[in-house]
Amino acid sequence: MNVLFVCLGNICRSPIAEALLKKKYATNGIEAEVSSAGFEPELINKSPEDKVIQAGKDFGINIDSSASIFRKKDFDTYDKIYAMDQKNYLDIVELSRSKGDVDKVDLIMNTIEPGKNKILQDPFQSGEMNCDNVLKILDKATDVILSEALNKRSKE
């Protein structure tokens, strides 16, 4: 199951989720595309925030992606696209070309609290402790995504 994570700048939340799921997929022998993107063109190719990189190291993951922009063609590559908040969700849906595209999009928090449509707060302007909290939440969310991918693989 190819997965894309999307947040505003692609320098905090979505790179954390990407690194977590990549590690989990690799550990479980799942070969799939996992990436992240955002909507801020001035951040293209920027590394994740230092506090994000440090939180990842403390958690045992390497967060080393570069920021990229969400594009319409991402609907063709990814089976599931997870937005970190309502603004990103609406921006993704606005770029959709069909109901099939829209059906691929969900809020990341719905993985662990289905149907609640909660957002995941952006740790950009907060301290490293908040990055740790976001990382722990995304660890739970990516566990659910991994479980779905393993179930899908077992049915094939």
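**Aromatic pairs**

I searched the whole structure, a predicted model, for aromatic pairs, and the search returned 3. I looked up Phe39 and Phe70, which form a tilted pair with 5.7 Å from centre to centre and 40 degrees between the planes. I noted where the two rings sit: Phe39 is in the loop between S2 and helix H2 (50-59), while Phe70 is in the loop between H2 and helix H3 (74-77). The two residues are 31 residues apart, and the pair links distant parts of the chain.

I then asked whether Phe39 is buried or exposed. Its relative accessibility is 19%, and the cut-off for buried is under 20%, so Phe39 counts as buried. Phe70 has a relative accessible area of 3% and is buried.

Next I looked at Phe70 and Phe75, an edge-to-face pair with 5.4 Å between centres and 85 degrees between the planes. Both Phe70 and Phe75 are buried. I recorded Phe39, Phe70 and Phe75 as a cluster linked by ring pairs.

**Strand S1 and its partners**

I went on to strand S1 (residues 3-6) and asked which residues cover its faces. Val3 and Phe5 lie on one side, Leu4 and Val6 on the other, and all are buried. For the alternation I noted the general rule that side chains in a regular strand point in turn to the two faces of the sheet.

I looked up the pairing of S1 on either hand. S1 is joined to strand S2 (residues 34-37) by 4 bridges, and the two run parallel. S1 is also joined to strand S3 (residues 80-83) by 4 bridges, again running parallel. I checked individual positions: Phe5 stands opposite Ser36 in S2, and its bridge partner in S3 is Tyr82. Leu4 stands opposite Ser35 in S2.

**The sheet**

I asked in what order the strands of the sheet lie. The order is S2-S1-S3-S4, in an open sheet of 4 strands with parallel pairing. S2 and strand S4 (105-107) stand at the edges with a single partner strand each, so one side of each has no neighbour in the sheet. I noted an average turn of 25 degrees between neighbouring strands, direction ignored.

**Helices on the sheet**

I found that H1 packs on the sheet and touches S1 and S2, with its direction at about 180 degrees to that of S2. S1, helix H1 (residues 13-27) and S2 make a β-α-β unit, which is right-handed.

I looked at helix H4 (residues 86-94), which lies across S1, S3 and S4 and runs at about 175 degrees to S4. I asked which residues of H4 are buried. The buried residues of H4 are Asn88, Asp91 and Ile92. They cover an arc of only 100 degrees around the axis, which puts them on the same side of H4. They pack against S1, H1, H3, S3 and S4. On the face of H4 turned away from the buried side I found the exposed residues Leu90 and Glu94.

**Helix H2**

I repeated the lookup for H2, where the buried residues are Lys51, Val52, Ala55 and Gly56. Seen down the axis of H2, they fall within an arc of 140 degrees and therefore line one face of the helix. Asp50, Lys57 and Asp58 are exposed on the other side of H2. I also noted Gly60, just after H2, with a positive phi of about 90 degrees.

**A lysine in H1**

I looked up Lys24, which is placed in helix H1. I asked whether Lys24 is buried or exposed. Its relative accessibility is 12%, so Lys24 counts as buried. I listed the residues that Lys24 touches, leaving out those up to four places away in sequence: Asp139, Thr142, Asp143 and Leu146.

Note on methods: Residues numbered from 1 in each chain as written. Predicted model: local features only at pLDDT ≥ 70, side-chain atom pairs only at ≥ 80, totals over all residues. Heavy atoms only, no water. Buried < 20%, exposed > 50% of the residue type's maximum accessible area, 1.4 Å probe, protein only. Pairing = 2+ DSSP bridges. Right-handed = clockwise from strand over helix to strand, strands pointing away. Axes fitted to C-alpha atoms, helices over the stretch in contact; angles between N-to-C directions. Contact = heavy atoms within 4.5 Å. Phe/Tyr/Trp six-rings, centres within 6.5 Å; stacked < 30°, edge-to-face > 60°. Arc of directions from axis to C-beta.
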